[in-house]
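Below are some notes on the model, set out as numbered points. Please read them alongside the coordinates.

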Amino acid sequence: MAVSVRLTPGPRSLWDEPLAISVHGLAPAQRVTLRASLRDEKGELFQASARYEADAGGQLDLARAPALGGSYRGVEPMGLFRTLRSETPFERLVKRDVQTPFLVDLEVYEGHDPQPTKVLAQVVHERGFLGPGVKRIPVREGSVRATLFLPPGAGPFPGIIDLYGTGGSLCEYRASLLAGHGFAVLALAYFRFEDLPKELIDLHLEYFEEALDYMLQHPEVKGPGIGLLGFSKGGDLCLSMASFLKGVTATVLINACVANTMIPLHYKEMTLLNTGYDLERLKLTESGLVDLVDIWSNPLEKLNCRSLIPIEKAQGPFLFIVGQDDHNWKSESYAYMASERLQSHGKEKPQIICYPNTGHCIEPPYFPPCLISVHRMVGQGVIWGGESKAHSMAQVDSWEQIQTFFQKYLKGEDSTFHNKL
């Protein structure tokens, strides 16, 4: 009987879907090595491998069999995806073009040699980012530079604006995947893209207000308000949008600060200063990586009071997703500062979900956790924090939590938010 690899749900799946992997036709207790590999759009090769032993019937199911070594150990059905690594230091796996899938090469090799050569079976699997019927619509309306993703079927759909951090450019993969779950999602760029500013030097909230108005007026977007989803610097921008602009129903923050960061934010006659930082408090690890966590000033200190975002003005609920080992800044402390401020103004307590051993870069499920990479603003390798397996589990759970939150406040009857009596 020929050795074969079986994949469920089939030869194609979406990146945020779990993939069941099994091998059939092996000899009883046969030792094999499984390897996964893919190339990103830059041609960078990412690989992971694990050593296994078939059961008495000559079958191997990654949902039941423990890996005996390699990139990981133990029972981990998606371990070959979690541990994908590039040989290039600090390289991070991201999807730059959501219109094409990642092609994942899954190979089964005979034996447990560190460099196995005899291939027993091989299959190529497509991991896509655009679900069936999801529409991708480039948006160049006024000054807005974005991409709108619409779910299949008849609208209107609950709307979300998605913001990333200081990497800049237009990141579409989170928005495209979220659209597959029934949301109209606008991936919004705000610098380092087309004719937008090349650097993060000047931010005006009017730009984000224009994007919000675009969504509120779109015939395929369900009112009366929009959800916001922001990571890192994108998180404090979402807090500012929820606090100063009308039409925001619910806001999710992924490892965000409660104050405006990096540069001042302008809106009409108002300027929100940025919270202070001291590069002398920067630390270097033994391996030469930068640790930023202690450089930021306490937003509650008097000198930083003009950087605090007045979140008590917001009309919708908040969900804070927190990595407790975030080394970019103290996300957990910021979430509880926000909670105290809201409650002190008679607002309802926000939902805070904390993930232990989880770092800064919480991505959609099954991306290999980014624990170290080059920070564009710093220009060298930084430590983001987190332990790989725990961080990966947090990505899976937080993805479900984000959808549940938006379904409740954007889709369901509980679409209004009231002050605490």
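1. The model is predicted. A point on the surface comes first. Val 374 has a relative accessible area of 44% and is partly exposed, because the range between 20% and 50% is given that name. The residue belongs to strand β24, which covers residues 372–375. Together with Phe 90 and Ile 372, Val 374 makes a nonpolar surface patch of about 240 Å².

2. Helix α4 (residues 233–244) has 12 residues, for which 1.5 Å a residue predicts a span of 16 Å; the end C-alpha atoms are 17 Å apart, in agreement. Of its 12 residues, 11 are buried, so the rest of the structure largely encloses α4. The buried residues include the charged-type side chains Lys 233 and Asp 236, along with Leu 237, Cys 238 and Met 241.

3. Helix α6 runs over residues 388–411, 24 residues in total, and its first and last C-alpha atoms are 33 Å apart, close to the expected 34 Å. At its start, a side-chain oxygen of Glu 387 comes to within 3.1 Å of the backbone nitrogen of Lys 389.

4. An open sheet of three strands has the order β15-β18-β19, with mixed pairing. Its edge strands, each pairing on one side only, are β15 (203–204) and β19 (270–272). Strand β18 (residues 265–267) runs antiparallel to β19 and is joined to it by three bridges. Leu 265 is placed opposite Leu 272 of β19.

5. The whole structure holds 20 salt bridges. One of them pairs Arg 96 with Asp 40, with 3.7 Å between the closest N and O atoms. Arg 96 is in the loop between β8 and β9 and Asp 40 in the loop between β4 and β5, so the pair ties together parts 56 residues apart in sequence. The two partners are covered unequally: Arg 96 is partly exposed at 38%, whereas Asp 40 is buried at 5%.

6. Asp 278 and Arg 281 also form a salt bridge, the closest N and O atoms lying 3.8 Å apart. Asp 278 is partly exposed at 28% relative accessibility, and Arg 281 is partly exposed at 35%.

7. Lys 330 and Asp 294 meet in a salt bridge with an N to O distance of 3.7 Å. This pair links distant parts of the chain, 36 residues apart: Lys 330 is in the loop between β22 and α5, and Asp 294 in the loop between β21 and β22. Lys 330 is partly exposed at 43%, as is Asp 294 at 25%. Through shared salt-bridge partners, Lys 283, Asp 294 and Lys 330 join into one network.

Conventions: Residues are numbered from 1 along each chain as its sequence is written. This is a predicted model: local features need pLDDT of at least 70, side-chain atom pairs count only at pLDDT 80 or more; totals for chains, interfaces and linings use all residues. Side-chain values use heavy atoms; hydrogens and water are left out. Helices (H or I, at least four residues) and strands (E, at least two) are DSSP runs, numbered from the N terminus. The expected span of a helix is 1.5 Å times one less than its number of residues. A polar contact is a pair of N or O atoms within 3.5 Å; within protein, one must be able to donate a hydrogen and the other to accept it, and residues adjacent in sequence count only if both atoms are side-chain atoms. Patches are made of residues with over 30% relative accessible area and no salt bridge: like charges are joined within 9 Å, nonpolar side chains (Val, Leu, Ile, Met, Phe, Trp, Tyr) within 5 Å. Accessible areas come from the Shrake-Rupley method with a 1.4 Å probe; for residues, only the protein chains shown count as cover. A salt bridge is a side-chain nitrogen of Lys or Arg within 4 Å of a carboxyl oxygen of Asp or Glu. Buried means under 20% relative accessible area, exposed over 50%, partly exposed in between (1.4 Å probe, protein chains only). Two strands pair if DSSP finds at least two bridges between them.
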